[in-house]
Amino acid sequence: AKWFRERLGSVEGIRHALNGAFISVAPLMIVALISAVGWRPALVVVGVGTAGVIVPLVFFAFRETPASSGQVIDGGLVKRSKSKRSRRGIDGSLKLREAIKLRAFWVVSLTPCICVMASTAMILNLQPMMSEVGVDEERAALMLTVFAGVNVPLQFLMGWRVDRTPS
């Protein structure tokens, strides 16, 4: 919300879609790595590789606010909407006591939590469930890839839809 106001839903949709795209590819890569070098070295490679990408990215690219990098909210390109949609709270004007009384707060807070809980449960249990019925690890990883891949376009769609839903 510090970087985008007008199209925050679309930006979040893109962020979630990219996350889903990575999740759709990661299981296949990790299973291939485990098959090639074993699970212990694969764990080290994934951990060091993740830290090697994330730490420099956060250190060199992360900026707390647009002003900290000489920019403005929405890149200064989007004109303020003349719609009657409420912008109250985007700039932090609502206190927590006020926010928790709003239906929008609970929808925005609980919807991602429920989705993440369901996805996490499926991701953590898919491979053991598939193994139990005789499906090999590679095929189970492929099933997870398909599941995550189906979610990628849905994330874009939901972000776009959020931007067009009256508050």
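Among contacts in the protein between residues at least 6 apart in sequence, what percentage join residues at least 24 apart? The share is 74%. With this value in mind, the tour may begin.

**The whole chain**

Display the full model, which is predicted. The protein contains five helices and zero strands, and from the N terminus on its elements read α-α-α-α-α. If the 167 residues are coloured by accessibility, 14% of them fall in the buried class.

**Before the first helix: Lys2 and Thr65**

Select Lys2, in the segment that precedes α1. Lys2 has a relative accessible area of 45%, and is therefore partly exposed. Apart from residues up to four places away in sequence, Lys2 touches Glu64, Thr65, Pro66 and Ile73. Draw a C-alpha to C-alpha distance from Lys2 to Pro66: these two are 64 residues apart in sequence, yet 7.3 Å apart in space.

Move next to Thr65, which belongs to the loop between α2 (39-61) and α3 (96-99). The C-alpha atoms of Thr65 and Lys2 are 6.0 Å apart, with a sequence separation of 63 residues. Beyond its neighbours within four places in sequence, Thr65 is in contact with Lys2 and Trp3. The relative accessibility of Thr65 is 28%, so Thr65 counts as partly exposed.

**Along helix α1**

Select residues 8-37, which form α1. The 30 residues of α1 should span 44 Å at 1.5 Å a residue, and the end C-alpha atoms are 42 Å apart, so the span agrees with expectation. Centre the view on Ala26, where α1 bends by about 30 degrees; a proline, Pro27, follows within four residues.

Which residues of α1 are buried? They are Gly9, Ser10, Gly13, Ala17, Gly20, Ser24, Ala26, Pro27 and Val31. Show these side by side with α5, against which the buried residues of α1 pack.

Three residues of α1 merit individual selection.

- Ser10, in α1, has a relative accessibility of 18%; the limit for the buried class is under 20%, so Ser10 counts as buried. Leaving out residues up to four places away in sequence, Ser10 touches Gly159, Trp160, Asp163 and Arg164.
- Leu28, also placed in α1, is partly exposed because its relative accessible area is 35%. Outside the range of four places in sequence, Leu28 touches Glu138, Ala141, Leu142 and Thr145. A C-alpha to C-alpha line from Leu28 to Glu138 gives 7.1 Å, across 110 residues of sequence.
- Ile34, likewise in α1, has a relative accessible area of 32%, and so is partly exposed. Once neighbours within four places in sequence are set aside, Ile34 is in contact with Trp39 and Ala42.

Just after α1, select Gly38 and inspect its backbone: phi is positive, at about 95 degrees.

**Helix α4**

Select residues 103-132, the 30 residues of α4. From first C-alpha to last, α4 reaches 42 Å, close to the 44 Å expected at 1.5 Å a residue. Where does α4 have a kink? Select Asn125: the kink there is about 40 degrees, and the residue lies shortly before the proline Pro128. Continue to Gly134, which follows α4 and has a positive phi, near 95 degrees.

**The second largest pocket**

Rolling a probe the size of a water molecule over the atoms shows where empty space is left. Turn with this in mind to the second largest pocket, whose volume is about 390 Å³. Its lining comprises 15 residues; select Pro27, Ile30, Val31, Gln127 and Leu144, which lie nearest the centre.

Which helix gives the most to this lining? The answer is α1, with six residues. Colour the surroundings by element: α1, α4 and α5 (137-163) each supply at least two residues of the lining. Recolouring by residue class divides the lining of the second largest pocket into 13 nonpolar residues, one polar and one charged.

**Last view**

Keep α1 and the second largest pocket on screen together. Pro27 connects two earlier stops: this proline follows the bend at Ala26 within four residues, and Pro27 is also among the lining residues nearest the centre of the second largest pocket. Val31 offers a similar link, being one of the buried residues of α1 and one of the residues nearest the centre of that pocket.

Notes:
Residues are numbered from 1 along each chain as its sequence is written. This is a predicted model: local features need pLDDT of at least 70, side-chain atom pairs count only at pLDDT 80 or more; totals for chains, interfaces and linings use all residues. Side-chain values use heavy atoms; hydrogens and water are left out. Buried means under 20% relative accessible area, exposed over 50%, partly exposed in between (1.4 Å probe, protein chains only). Contact means heavy atoms within 4.5 Å. The expected span of a helix is 1.5 Å times one less than its number of residues. The bend at a residue is the angle between axes fitted to the seven residues ending there and the seven starting there. On a 1 Å grid over the protein atoms alone, a cavity is a set of points where a 1.4 Å probe fits but cannot get out, and a pocket is an open set with protein on both sides within 12 Å along at least five of seven lines; lining residues have an atom within 4 Å of a point. Grid points are joined across faces, edges and corners, and a volume is the space filled by probe spheres set on the points. Ala, Val, Leu, Ile, Met, Phe, Trp, Tyr, Cys and Pro count as nonpolar, Asp, Glu, Lys and Arg as charged, and the others, Gly among them, as polar.
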